[in-house]
Amino acid sequence: MSTGWGAPDTSPTRLLLLRHGQTPLSVERRFAGRGDIPLTEAGCAQAEAAARRLADRKVDAIVASPLLRTRRTAEYAAAALGLTVEVDDGFVETDFGAWEGMTFAQAREHDPVAVDRWVSDPQAAPPGGEDFAAVSRRVGAARDALVERHRGRTVLVVTHVTPIKTLVQQALLAPVQALYRMHLDTASLTEVDVYADGPMVMRTFNDTSHLA
């Protein structure tokens, strides 16, 4: 992470990381990468609940992955907050390649060697897809650019499982393998503060109290 942002700040850039609402693939626990999957009816209700939760927060900007499920989730928040949505390709989900739409069990049945390699090595990619090490570099660059644009502000980032886990992993200075040890629910909120002199601090993780 770059530390060339100038003098340390007393007010960090706060990233409110919102996972998109439920989709047909998330219900069935299938790999959902770059496919443009819509929200389910329940997913829309989750997005609306998250928007109500955020309506009382001071949010300065909204950034979303370019995929349909994140943009639709962001639209609910934008309506509640009176903001527009900025699309950022850097926060798109991992490309799961040939495994897109498969369950984990189906992928293992199709190619057990590739799956075993993938779960043990962050530099191993699904066939035709993207490895977690590459995702980490991409998301880290997107985070740095976002902080440059919105220094000291609170930004809602509507994105996916892997980018959120990656930002948490980087905040905690954990190895990339930590991605395999986190669980994120649909429409959950995670908060990370980014300070200009380098450190990041995780404030909350996988908060779903607004969905109760």
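1. At the N-terminal end of helix α6, a side-chain oxygen of D131 comes to within 3.0 Å of the backbone nitrogen of A133. The model is a predicted one, and the remarks below should be read with that in mind.

2. Helix α6 itself covers residues 132-149, which makes 18 residues. From first C-alpha to last it reaches 25 Å, close to the 26 Å expected at 1.5 Å a residue. Of its 18 residues, 13 are buried, so the rest of the structure largely encloses α6. F132 counts as buried, with a relative accessibility of 7%.

3. Aromatic contacts deserve a separate point. The count of aromatic pairs comes to eight. In the pair formed by W99 and W118, the ring centres are 5.5 Å apart and the planes stand at 80 degrees, so this pair is edge-to-face. W99 belongs to the loop between β3 (85-87) and α4 (104-110), while W118 belongs to helix α5 (residues 112-120); the pair therefore ties together parts that are 19 residues apart in sequence. Both partners are buried: W99 has a relative accessible area of 0%, and W118 has one of 8%.

4. W118 also pairs with F132. Here the ring centres lie 5.4 Å apart with the planes at 50 degrees, so the pair is tilted. Because W118 lies in helix α5 and F132 in helix α6, this pair ties together parts that are 14 residues apart in sequence. Taken as a cluster, the residues linked by ring pairs are F31, F96, W99, W118, F132 and Y180.

5. The sheet is open and has six strands, in the order β3-β2-β4-β1-β5-β6, with mixed pairing. Its edges are β3 and β6 (200-207), each of which pairs on one side only. From one strand to the next, the twist averages 20 degrees.

6. At the β3 edge, strand β2 (residues 61-64) runs parallel to β3 and is joined to it by three bridges. V63 has E86 of β3 as its bridge partner.

7. Two helices can be placed against this sheet. Helix α2 (residues 41-54) packs on it and touches β1 (13-19), β4 (154-159), β5 (189-194) and β6. The direction of α2 makes about 160 degrees with that of β1. Helix α3 (residues 68-81) lies across β1, β2, β3 and β4, and runs at about 170 degrees to β2. Strands β1 and β4 thus appear in the lists for α2 and for α3.

Terms used: Residues numbered from 1 in each chain as written. Predicted model: local features only at pLDDT ≥ 70, side-chain atom pairs only at ≥ 80, totals over all residues. Heavy atoms only, no water. Helix = DSSP H or I, 4+ residues; strand = E, 2+ residues; numbered from the N terminus. Expected span 1.5 Å × (residues − 1). Buried < 20%, exposed > 50% of the residue type's maximum accessible area, 1.4 Å probe, protein only. Polar contact = N/O pair within 3.5 Å; in protein donor to acceptor, adjacent residues only side chain to side chain. Phe/Tyr/Trp six-rings, centres within 6.5 Å; stacked < 30°, edge-to-face > 60°. Pairing = 2+ DSSP bridges. Axes fitted to C-alpha atoms, helices over the stretch in contact; angles between N-to-C directions. Contact = heavy atoms within 4.5 Å.
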